[in-house]
Amino acid sequence: MAAANGVRRVWVGQNGLLSTPAVSAVIRERTGHDGARASGAFILTASHNPGGPHEDFGIKYNMENGGPAPEGITDKIYENSKTIKEYLIAEDLPNVDITTLGVTSFTGPEGPFDVEVFDSAVDYVKLMKSIFDFQLISKLLSCPKFSFCYDALHGVAGAYAKRIFVEELGANEGFLLNCTPKEDFGGGHPDPNLTYAKELVARMGLGKSAPENEPPEFGAAADGDADRNMILGKRFFVTPSDSVAIIAANAVEAIPYFSGGLKGVARSMPTSAALDVVAQHLNLKFFEVPTGWKFFGNLMDAGLCSVCGEESFGTGSDHIREKDGIWAVLAWLSILAYKNKENLSGEKLVSVEDIVRQHWATYGRHYYTRYDYENVDSGAAKELMGYLVQLQSSLSEVNQIVKGFVLMHQMLFMLMNLNIRILLMVPFLSTRVFDIC
């Protein structure tokens, strides 16, 4: 279809494997042998959902800035889809071996047409090495007291894990778990959370039963296309909201890319206010955006945001225009390496839990709960959303519902004799903060 529509060349990652963050990096960083740069990219992905012939599959378009297509573009695509009568395709082009690096040239219907198969990791690894101090991280990974486990959940992150953690940073390959990419993710659900990353969770001592061996000091997981991440310490879970706040709080000291200071920070609306407090303490610009990484990209393109994140296990920075799971892992390894750089021969390393608890002591602790509703009946879901929209026309009724929640919590916590600060968020309507004793 590209050849038939006059595209001059197409770049394809070797073996068809490119992570979503790497696609963004390639658009922004890669230059072809003739000086050409990509105008955009198509990403074929199941993201963090089950994949394979009978599961999820999506087509996503990224723009020339490396970020997801904005609403103005996707709306136009949708409108075109309602009127299209035909499409062009060059059916007689021979197959290209995408397992072999190199350029294959054709004469397409519109003229010369090249397909270049390139190393999927080179541009991304080069970018990561320009952001982080790989030598400092390597010293941490070589310390006998430090161990970690990285679970790719059989997603595309496995193609990058060996290159970065083993070949570049010198980690033991035994630290890698489920790092062979599979088209159906091995039959699993590649969502990096406590529910689906069961093997990693068990190894880190957070399962229902005690692990056979002593848990590693650090653990992390990626989703199917490697843009999401989960961070774990030994018997300790780091919430995504805390993770982005802790990265922002330590970025200038621990990550060379940010040594000149942060331009600003941002979070999505449902994400806890942990990042807000960091921004206030460090006198940083702060932004709250709707759910969707494209909104962070707008701030980055305007030079207003350096670090951002969302409670759905997405974290990133302005080095690309997508969330970046491996970047988040390297950010945490950088913080651990920085905190332990004078302590590697000491009796005990500064741990993930130590860093998080020190962050709470400095900035306070924020609580929130996430509920995931999966495979629900679409009709019932639309009915629920329609009801919420209808409620917007009657704020008095909404406030009555909220008041009922408050009274219920007051009674519960009086019985439990606890002092708790609750953030109650009603989607689409309002945000209320209650101090309940």
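Five strands make up an open sheet in this predicted model. Their order is E7-E6-E8-E9-E10, and the pairing is mixed. Because E7 and strand E10 (236–238) stand at the edges with a single partner strand each, one side of each has no neighbour in the sheet.

**Pairing within the five-stranded sheet**

- Strand E6, which covers residues 148–151, pairs with strand E8, which covers residues 218–222.
- The pairing of E6 and E8 is parallel and runs over four bridges.
- Cysteine 149 has glycine 219 of E8 as its bridge partner.

**Strands E11 and E12**

- Strand E11 (residues 265–268) is covered on both faces.
- On one side of E11, Val265 and Arg267 are buried; on the other side, Ala266 and Ser268 are buried as well.
- E11 pairs with strand E12 (residues 286–289) in the parallel sense, over four bridges.
- Within this pairing, alanine 266 stands opposite phenylalanine 287 of E12.

**A negative surface patch**

- Glu55, Asp56, Glu183 and Asp184 together form a negative patch on the surface.
- One of these residues, aspartate 184, is located in the loop that lies between strand E7 (176–177) and helix H6 (198–203).
- The relative accessible area of aspartate 184 is 32%, and patches are made of residues with over 30% relative accessible area and no salt bridge.
- With its value of 32%, aspartate 184 counts as partly exposed.

Notes: Residues are numbered from 1 along each chain as its sequence is written. This is a predicted model: local features need pLDDT of at least 70, side-chain atom pairs count only at pLDDT 80 or more; totals for chains, interfaces and linings use all residues. Side-chain values use heavy atoms; hydrogens and water are left out. Patches are made of residues with over 30% relative accessible area and no salt bridge: like charges are joined within 9 Å, nonpolar side chains (Val, Leu, Ile, Met, Phe, Trp, Tyr) within 5 Å. Accessible areas come from the Shrake-Rupley method with a 1.4 Å probe; for residues, only the protein chains shown count as cover. A salt bridge is a side-chain nitrogen of Lys or Arg within 4 Å of a carboxyl oxygen of Asp or Glu. Lys and Arg count as positive and Asp and Glu as negative; His and the chain ends are not counted. The place of a charge is taken as NZ of Lys, CZ of Arg, CG of Asp or CD of Glu. Helices (H or I, at least four residues) and strands (E, at least two) are DSSP runs, numbered from the N terminus. Buried means under 20% relative accessible area, exposed over 50%, partly exposed in between (1.4 Å probe, protein chains only). Two strands pair if DSSP finds at least two bridges between them.
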